Amino acid sequence: MKLAILSTLLATASAFAPGQQGPSITALAATRAVSKAAPKKEAAAPKKAAAAPKKAAAVKKPAAQAPPGLVGALPPVGFFDPAGFAAKASPEELSRYREVEIMHGRFAQLAVLGFIIPEKCAYDGSFGDDFLAPTGRALEVFNTDPLWLGLTLAVISALETVRLIETEPGTRTDAKIESLGWRPKTESEYINYQVRELQQGRLAMLAFAGEVAQELVNDKPLLVNLQDSGFVSW
């Protein structure tokens, strides 16, 4: 009996005894604790890789260079070969191209005079009123004097054939006139002569094409066109 009473008293006393002092955890404290305990966020993902470098600018091809010993490369165009014929040609072929260019230029210079002189004769009536009639154009020769035209072309063709037979590639532009004393004494001046002939031949080829085109367009002689434009007067 005594033991039961003693147990009841001890239980009652423990109810009024102060509890163990410990940290008071509030909701705010709990939130802070959780925040501190949470691991730090991973470092931000690295920025996007730097943009790939721009493509290197296209390398400009160097201008074509004239082969050694080949004259005629003059400013502003320099060695003018837009179609790349020189780049594809062997030295022998390139030499032939230059010979052909020179001969075409010589023929074109004669052809330019072949327009002007007959038309001047027709204008003055030197060979009668029916010469190059009715328009007075040089192209009228195909209608008025086909026989003379045919003979002229035949003689030119025969002379060209003889020239090709008697010459070798590389020497076909030699007109055999150096004995007349026209060749300059210095090499630099001789090169200047070659350049002049080449440039005059190129200009003559363009001029001849222009003469033909102009007379086909307006049916007027070249000299009349020049007179109407104020370039010449008779």
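**Exercise 1. List the residues that E119 touches, leaving out those up to four places away in sequence, and work out how its charge is placed.**

*Solution.* Let's start with the contacts. In this predicted model, E119 touches L132, G136, R137, A138, E215, P221, L222 and L223, once residues up to four places away in sequence are set aside.

Next, place the residue: E119 is found in helix α4.

Now look for a partner. E119 is buried and has no salt bridge. The nearest side chain of opposite charge belongs to R137, 7.0 Å away. A salt bridge needs a side-chain nitrogen of Lys or Arg within 4 Å of a carboxyl oxygen of Asp or Glu, so the pair E119 and R137 does not count as one.

Finally, ask where R137 does find a partner. The side chains of R137 and E140 meet in a salt bridge, at 3.4 Å from N to O. Both R137 and E140 are buried.

**Exercise 2. Find how R202 and E101 are joined, and state how exposed each one is.**

*Solution.* A general point helps first: side chains of opposite charge can pair when their charged atoms come close.

Step one is the distance. R202 forms a salt bridge with E101, and the closest N and O atoms are 2.7 Å apart. This pair links distant parts of the chain, with R202 in helix α7 and E101 in helix α4, 101 residues apart.

Step two is exposure. Buried means under 20% relative accessible area and exposed means over 50%. R202 has 27% relative accessibility, so R202 counts as partly exposed. E101 is partly exposed because its relative accessible area is 22%.

Step three widens the view. R98, E101 and R202 are linked in a network of salt bridges. The structure holds 9 salt bridges.

**Exercise 3. Classify K220 and D228, which form a salt bridge, as buried, partly exposed or exposed.**

*Solution.* Begin with the pair itself: the closest N and O atoms of K220 and D228 are 3.4 Å apart. Then take each residue in turn. K220 is at 36% relative accessibility, so K220 is partly exposed. D228 has a relative accessible area of 51%, which means D228 is exposed.

**Exercise 4. Describe the largest cavity: its volume, its lining and the elements that supply it.**

*Solution.* Count first: there is 1 cavity of 30 Å³ or more. About 40 Å³ of space lies in the largest cavity.

Then read off the lining, which consists of E101, I102, G105, Q194, E197, L198, G201 and R202. The elements giving two or more residues to this lining are α4 (91–124) and α7 (187–218). Helix α7 supplies the largest share, 5 residues. By class, the lining divides into 2 nonpolar, 3 polar and 3 charged residues.

**Exercise 5. Set out the linings of the largest pocket and the second largest pocket by class.**

*Solution.* Take the largest pocket first. It holds about 1,000 Å³ of space. Its lining has 27 residues, and R106, T173, Y190, Q194 and E197 lie nearest its centre. The elements that give two or more residues here are α4 and α7. By class, this lining has 11 nonpolar, 8 polar and 8 charged residues.

Now turn to the second largest pocket, with a volume of about 890 Å³. It is lined by 22 residues, the closest to its centre being G114, V141, L149, T152 and L153. Two or more residues come from each of α4, α5 (141–144), α6 (146–166) and α7. The classes here are 18 nonpolar, 3 polar and 1 charged.

How values were computed. Residues numbered from 1 in each chain as written. Predicted model: local features only at pLDDT ≥ 70, side-chain atom pairs only at ≥ 80, totals over all residues. Heavy atoms only, no water. 1 Å grid on protein atoms, 1.4 Å probe; cavity = no way out; pocket = protein on both sides within 12 Å on 5 of 7 lines; lining within 4 Å. Points joined across faces, edges and corners; volume = space filled by probe spheres on them. Helix = DSSP H or I, 4+ residues; strand = E, 2+ residues; numbered from the N terminus. Nonpolar A, V, L, I, M, F, W, Y, C, P; charged D, E, K, R; others polar. Buried < 20%, exposed > 50% of the residue type's maximum accessible area, 1.4 Å probe, protein only. Lys, Arg positive; Asp, Glu negative; His and termini not counted. Contact = heavy atoms within 4.5 Å.
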